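New to this one? Take a look at the sequence and the 3D view, and then we'll walk through them together.

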Amino acid sequence: MHRHVGAISVLRSRYRKTARSGSEVVKLMTSSEGRFSGKIAVVTGGASGIGAAVCRRLIAEGASVVAGDINGDSLAVMQSELGTSFVGVPTDVAIEADVENMVNTAVHRFGGLHLGFNIAGTARGGSIREIELDDYMFTIRICQAGVLLGIKHESNAIIRTGNGGAIVNIASLNSRVPMFGAAGYCSAKAAAHMLTQVAALELAEYNIRVNTVSPGLTATPMTSPIAALPGVMDAYMDRIPLNRPAQPEEIAASSLYLASDDASYISGINLFVDGAWEQTGYPDLRPFQEKASADRSTS
Ligand SMILES: NC(=O)c1ccc[n+]([C@@H]2O[C@H](COP(=O)([O-])OP(=O)(O)OC[C@H]3O[C@@H](n4cnc5c(N)ncnc54)[C@H](O)[C@@H]3O)[C@@H](O)[C@H]2O)c1
């Protein structure tokens, strides 16, 4: 599920059976211009997918953004698209000095920090019986320790800036729902939300709110390889009631809501943005129930 191949068009085009497609929903979203006017944000994983959508919308709504990502080439492309309100800093979120440097860049270039978005993620899979410890730890270091380091350095910079702020961590449906072959990813995402909860407790006295957004299937380079496999999307759609993947802009909209003053009394939550996927842990038993009811009425 987490290799990078360019087949996003599969996700974007094949599942438009519902009344309103993802891109139509995105067009309907009004960007509340100026909502983040004067705010300074750091965004990890900002070079692609959900992180890039968060960067674009923050800047559209008035913020200055420093994005940290291991993909320096994509950061450079974002830089030329977004102009002087955007600074890309090559960053490995599993390396503390890199995360500190990303946060310090925001403070030095723009004068402080108000918002942190910890979005960078990737995974190495493998069943529990076969996975190598190195592969498990690779995922834990990026998706779990990377979130810890982000919260640590972002919160200290927000406190030094002095006006409070908000941090949003991107976890996953897999923070609550297990997936075959993804022990590292699922446990790291569950831990990311627990880090949110601990941080919400510890940082409330500094007027810093901390929340998790847990996306379901989202059309990004992360999911395009698996989306290209025959039959996979049908299997996903059997479980996703809204019958389509999310667009990254829809995850960005929910993330910016939690970072905004509209969410001023929300801290410590895990917001599932999943097309109701979390509700379908059970198979759909309706055909069986209808048959049982028909059998009863004829006996
Ligand atoms: N796409 C989905 O269906 C989906 C679902 C649930 C959760 N998520 C989560 O959303 C987040 C964003 O994923 P996406 O779908 O936009 O994928 P993506 O691959 O488009 O973007 C992930 C970004 O993280 C960066 N990155 C990877 N390792 C890094 C590291 N060590 N340091 C810094 N940057 C690093 C990558 O270079 C990339 O730019 C991830 O945490 C992912 O687990 C995605």
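What follows is a short tour of the sheet, two helix pairs and the surroundings of the ligand. Keep in mind that this is a predicted model.

Let's begin with the sheet. Seven strands make up an open sheet, and they pair in parallel. Going across, the order is β3-β2-β1-β4-β5-β6-β7. At the edges sit β3 (86-90) and β7 (270-273), each of which pairs on one side only. On average, neighbouring strands here are turned by 20° against each other, if you ignore direction.

Zoom in on one pair: strand β4 (residues 115-118) and strand β5 (residues 165-170) run parallel and are joined by four bridges. One residue to look for is asparagine 118, whose bridge partner in β5 is asparagine 169. Helix α4 (residues 72-82) packs on the sheet as well, where it touches β2 (64-69) and β3. The direction of α4 makes about 170° with that of β3.

Now for the helix pairs, side by side:

| Helix pair | Axes come within | Crossing angle | Handedness |
|---|---|---|---|
| α3 (residues 49-60) and α10 (residues 248-259) | 8 Å | roughly 60° | right-handed |
| α5 (residues 96-110) and α6 (residues 133-161) | 9 Å | roughly 30° | right-handed |

Take α3 and α10, whose axes cross at roughly 60°. That angle makes α3 oblique to α10. On the α3 side, the contact is made by Gly49, Ile50, Ala53, Val54, Arg57 and Leu58, and α10 brings Pro248, Glu249, Ile251, Ala252, Ser255 and Leu256. By class, the residues of this contact come out as eight nonpolar, two polar and two charged.

The axes of α5 and α6, on the other hand, cross at roughly 30°, and these two helices are therefore roughly parallel to each other. Here α5 supplies Glu96, Val99, Glu100, Val103 and Val107, while α6 supplies Leu149, Gly150, His153, Glu154 and Ala157. The residues of the contact between α5 and α6 divide into five nonpolar, two polar and three charged.

Last stop: the ligand. Which residues come nearest to the ligand? Out of the 28 residues around the ligand, they are Ser48, Gly49, Gly121, Thr220 and Met222. The shell around the ligand holds 13 nonpolar, 13 polar and two charged residues. Helix α3 gives the largest share of that shell, with three residues. You've met Gly49 already, in the contact of α3 with α10.

Conventions
Residues are numbered from 1 along each chain as its sequence is written. This is a predicted model: local features need pLDDT of at least 70, side-chain atom pairs count only at pLDDT 80 or more; totals for chains, interfaces and linings use all residues. Two strands pair if DSSP finds at least two bridges between them. Axes are lines fitted to C-alpha atoms, for helices over the stretch in contact, and angles run from 0 to 180 degrees between N-to-C directions. Two residues are in contact if their C-beta atoms, placed from the backbone, lie within 7 Å. A residue is near a molecule or strand if its C-beta atom, placed from the backbone, lies within 6 Å of it. Ala, Val, Leu, Ile, Met, Phe, Trp, Tyr, Cys and Pro count as nonpolar, Asp, Glu, Lys and Arg as charged, and the others, Gly among them, as polar. Angles under 35 degrees count as roughly parallel, over 145 as roughly antiparallel, 65 to 115 as roughly perpendicular and the rest as oblique. A crossing is left-handed if the near helix is turned anticlockwise from the far one by less than a right angle, and right-handed if clockwise.
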